[in-house]
Amino acid sequence: MSFRNQNNTTAGLQDDSLLGIVLFSIVTMLPCCVFLYVNGIMLFTLRSKAVFCETARYILLYNLLFAETVQLILSQVLFLLAADRVIMTYPLCGFLTQLANFTTTISPLTLVVMSVERYVAVCYPLRHADIVTVRNTDVAIILIWMFSFLNVLIQLLLLLELPFDNLLNVQVKGMCSSMSMFAGPISEAYNGAFTCFVFTSAGVTVISSYVGVAAAARSACADKASAHKARNTLLLHLVQLGLSLSSTIYVPLLMTLSTIVTRVMFARIHNVVYLLIFIVPRCLSPLIYGLRDQSIRPVLMFNLCCRLRLSFVIVKSEVSSSA
C-alpha cells in the first residue's frame, strides 16, 4: 500500500509539473506573439513609404527592429526548449546560441550609430545631409553585421578545443545556452571581454553624444526643440542599452538560482526573469519610436487598425460561411 501511495504521489507531482510547464509556456507565448505582431507591422511600416527607405534614422531603426525581432524568436524557442526540458545535441544548440549571439551584438552597435546620427543632426546641422547619407548608413550597417559575424566566427574557432569524436551525438547537459557552449577558460574569458568591450564602448558613445547634445542645447544658435527631442532620444538609447546589457546576466543568474531554490520555484522565477529581461526590452523599440515619431505614428496606427479589422472581417466571414 505504501508503494502504491508513493506511485500515486509521484504521478500527481508529474501531472502538476506538466500542467505548470503548459501554463508557463502559454503565459510567455501570448505576449511574445503580440509583440512579434507589433514588430512585424512596424517593419512593414518602415518599408511602406519612400521617405522611410531614404532616411538614415529610419533605415537604422529598421535594422534595430529586425535584429530584435530575430532575438525575440530565438529566445522564445530556447526558452520553450528549456522549459520542456528538451535535450539537444551540441551542433543544434551551438547553431541556435551562435545565431542568438549574432543578433544580440547587432542591437547595441546599431544604438551607437543612431546616437552618433542624432549628435551630428544637432551639433552639425549644416553638414548632417553630407555626413549622414543613405550610402554611409548602409556602409555602417554592413560593418555592424560584419563585426557581429566576426565575433561568432571567433567563438566557433574557440570551439575547436572540444574533442570532435562523435560530437554529433553528444548531448548538452542541462539548459542550452551560450554558457553551455564554452569550450574552456579561453572561450569563457573571450566572451566576457567581448561583452565588456561592446557595452562599455557603446555606453561611452551614447553618454558622450548626450553630453554634446545637452551642451549644444544651451547655445544661442541651436534649435531648442530639436536639441531637447534629441536629448530625450539619447536617454532612451541609454535605457535600451542597459536593458540589452541585462540579458547578458540571464544565464548566469539562472545557473545560480537553480542551485538555491526548488525546481517549482525555479520554474516560476525563470518565467518572470525571462519576461522582464527578454520579452519586455524587445517590445520597447516599436513603442518608443512608433508612438513618439510624428511621421511613423499615423502610418503605424493605420496599419495596425487595418490589419486587425481585416483579420476580424475574415474570421467573421468564415464563421458565417460555416454556419
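**Results: a salt bridge, two cores and a surface patch**

The side chains of E117 and R118 come together in a salt bridge, with 2.8 Å from N to O. In this predicted model, a search through the whole structure turns up one salt bridge. So where do its two partners sit, buried or exposed? E117 has a relative accessible area of 5%, so it counts as buried. R118 comes out at 16% relative accessibility, and because the cut-off for buried is under 20%, R118 is buried too.

Stepping back to the overall layout, the protein has 12 helices and zero strands. Read from the N terminus on, the elements simply go α-α-α-α-α-α-α-α-α-α-α-α. The protein is 323 residues long, and 40% of these count as buried. What about contacts between parts of the chain that are far apart in sequence? Taking the contacts with a separation of 6 or more, 81% are made by residues 24 or more positions apart. On the outside, the protein exposes about 17900 Å², and carbon and sulfur atoms supply 70% of that area.

Now for the inside. In soluble globular proteins, nonpolar side chains tend to be buried together. Here the largest nonpolar core has 25 residues, and the ones with the most contacts inside it are M42, L46, L61, M114, Y289 and I296. Which elements give two or more residues to this core? They are α1 (2-45), α3 (56-83), α4 (90-123), α7 (185-218), α11 (284-292) and α12 (296-322). The most generous of them is α3, which gives six residues. M114 shows what such a core residue touches: leaving out residues up to four places away in sequence, its list is L60, L61, L64, H237 and Y289. Apart from this core lies another one, made of 10 residues, including A67, F102, L109 and F194.

Helix α3 is worth a closer look, starting with L72, which is found there. L72 has a relative accessible area of 0%, so it is buried. With neighbours within four places in sequence set aside, L72 is in contact with C32, F35, L36, Y274, F278, I279 and R282. One of these partners, R282, is 210 residues away from L72 in sequence, yet the two C-alpha atoms are 6.6 Å apart in space. S75 also has its place in helix α3. At 9% relative accessibility S75 counts as buried, and outside its sequence neighbours within four places it is in contact with Y274 and F278. Y274 and F278 therefore turn up in the contact lists of both L72 and S75, with L72 buried at 0% relative accessible area and S75 buried at 9%.

C32 looks at this region from helix α1. With 2% relative accessibility, C32 is buried. Setting aside neighbours within four places in sequence, C32 is in contact with L72, Q76 and I279. C32 and F278 are 246 residues apart in sequence, while their C-alpha atoms are 9.7 Å apart in space.

Q240 sits in helix α8 (residues 224-246). This residue is buried, with a relative accessible area of 4%. Which residues does Q240 touch, not counting those up to four places away in sequence? The answer is L64, E68, L111, S285, I288 and Y289. Y289 is also touched by M114 and is among the residues with the most contacts inside the largest nonpolar core. Q240 and P281 are 41 residues apart in sequence and 7.1 Å apart in space, going from C-alpha to C-alpha.

What about cysteines pairing up? A search of the whole structure finds zero disulfides. C53, with 30% relative accessibility, counts as partly exposed. C123 is partly exposed as well, with a relative accessible area of 23%. C32, by contrast, is buried at 2% relative accessibility.

Not every nonpolar side chain is tucked away, though. V139, I142, L143 and M146 form a nonpolar patch on the surface, and together they have about 380 Å² of accessible area. V139 belongs to helix α6 (residues 134-158). How accessible is V139? Its relative accessible area is 37%, so V139 counts as partly exposed.

Technical notes
Residues are numbered from 1 along each chain as its sequence is written. This is a predicted model: local features need pLDDT of at least 70, side-chain atom pairs count only at pLDDT 80 or more; totals for chains, interfaces and linings use all residues. Side-chain values use heavy atoms; hydrogens and water are left out. Patches are made of residues with over 30% relative accessible area and no salt bridge: like charges are joined within 9 Å, nonpolar side chains (Val, Leu, Ile, Met, Phe, Trp, Tyr) within 5 Å. Accessible areas come from the Shrake-Rupley method with a 1.4 Å probe; for residues, only the protein chains shown count as cover. A salt bridge is a side-chain nitrogen of Lys or Arg within 4 Å of a carboxyl oxygen of Asp or Glu. Helices (H or I, at least four residues) and strands (E, at least two) are DSSP runs, numbered from the N terminus. Buried means under 20% relative accessible area, exposed over 50%, partly exposed in between (1.4 Å probe, protein chains only). A nonpolar core is a set of buried Ala, Val, Leu, Ile, Met, Phe, Trp, Tyr and Cys residues joined through side-chain atoms within 4.5 Å. Contact means heavy atoms within 4.5 Å. A disulfide is a pair of cysteine sulfur atoms within 2.5 Å.
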